[in-house]
Amino acid sequence: MAQSFGNSDSLYDFVVKDGNGVKGLMDLGLSEVPERYIQPEEERIKKIGTRRHNVAPIDLSKLKGPDHKKVVDEIVRAAETLGFFQVVNHGVPFELLESLKDSAHKFFNLSPGEKCLFCPGVSPSSKVKYGTSFVPEKEKALEWKDYISMGYTIDEDALQYWPDQCKEVALDYLKLSSKIVREIIEILIENLGMKLEESRIEAIIEMKMVNMNYHPACPNPELTVGEGRHSDMGTMTVLLQDGIGGLYVKLDEDNNNNDGEWVEIPPIHGALVINIGDIIQIMSNGKYKSAEHRVRTTSNESRVSIPVFTAPKPTEKIGPLEELVKKDGVARYKQLIFQDYINNCFANAYHRKKSLDFAKSSP
Ligand code: OGA
Ligand code: NI
């Protein structure tokens, strides 16, 4: 081993503070993962015995034809059960998907110094952040992940402040993904027998962000996680994963009585993964599921994934839709301001699975 870390603090400084990330750690030539990355038994991910969720992807182009109703039903059913589904003919060109994955590799293969131009405090924009793990200062075991996060405000800022290696493709992807999100939200809301004003839909997806996640090849994949269990705290996520696999979703316990089984969402070339976020679960009074999910690491290849997150504007009031509460006779979640929700999620970074509990109405 090229360098040993005398104590956990020096490792932390190297990876987190000095911006070397997990990639920088691996480039030292480690043959085993440092202690700080070893997950407690219950968080480790077993590859063997995990079922793959082999459901055909949904063809979004058919929403415009005679099969409209059938496609709507497929989307609704997926949102009500697993909370995850894959789509094809989604309007994001195949070449763009390929360039996105290439540009993610280009970015993470830069030197630590170049990547750290986007470290918090020095990044030219507070909306652009290169980092590692989720909230490393609060996590006991770190995630085997580096990321670059690009928050969207206006095109000019994206093209000025996002990294050169990926800004154009990331911006195109964000725009096309936002269209998909809007279309699916309209379908889900209409299925509840409701219609939201255009301005309200805009308000619940006003925050948009593209992330690029990088999970370096890992010498001990059975001890680490690429991404720990969590549900996405926003409205809806569109995710591009590469061909390596390792995205696991927990089946809803009250739906299928499979107590806590995890299934893998297999990579499908050209497809995008869609998942329901906490905000849609709250607004739908629990009808649509924001599922827990996590990512396994792999020993021989570095994985990239590229999510577009959409979320309400921070000041937006969120709660179960009123008509739905009347119909259901109960409000399963309380009213909250989205910013308070985010703050709570980050404050409880060690048990991210609890994010939705904050929104539950008291019994
Ligand atoms: C996320 C996430 C899954 C993946 O970034 O929130 O869940 O496959 N990513 O990388
Ligand atoms: Ni996620």
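Here is a short conversation about a nickel site and a cavity in a predicted model.

User: Hello! What should I keep in mind about numbering and model quality?

Analyst: Residues count from 1 along each chain as its sequence is written, while chains are lettered from A and ligands numbered from 1 in the order written. In this predicted model, local features need pLDDT of at least 70, side-chain atom pairs count only at pLDDT 80 or more, and totals for chains, interfaces and linings use all residues, with side-chain values taken on heavy atoms, leaving out hydrogens and water.

User: What makes His-230, Asp-232 and His-293 donors of the nickel ion (ligand 2)?

Analyst: Donors are N, O and S atoms within 2.8 Å of the metal (3.2 Å for Na, K and Ca); water is not among the atoms, so sites may look incomplete. His-230 (NE2), Asp-232 (OD) and His-293 (NE2) lie 2.1 Å from the nickel ion, so they qualify. Along the chain their spacing reads H-x1-D-x60-H.

User: Why is His-230 called buried?

Analyst: Buried means under 20% relative accessible area, exposed over 50%, partly exposed in between (1.4 Å probe, protein chains only). His-230 has 7%, so the term fits. Asp-232 is buried too, with 7% relative accessibility.

User: What is the makeup of the lining of the largest cavity, nonpolar or polar?

Analyst: Happy to show you: 8 of its residues are nonpolar, 1 is polar and none is charged. Ala, Val, Leu, Ile, Met, Phe, Trp, Tyr, Cys and Pro count as nonpolar, Asp, Glu, Lys and Arg as charged, and the others, Gly among them, as polar. The lining includes Ile-185, Met-283 and Ser-284; Ser is not in the nonpolar or charged group, so Ser-284 counts as polar.

Technical notes. 1 Å grid on protein atoms, 1.4 Å probe; cavity = no way out; pocket = protein on both sides within 12 Å on 5 of 7 lines; lining within 4 Å.
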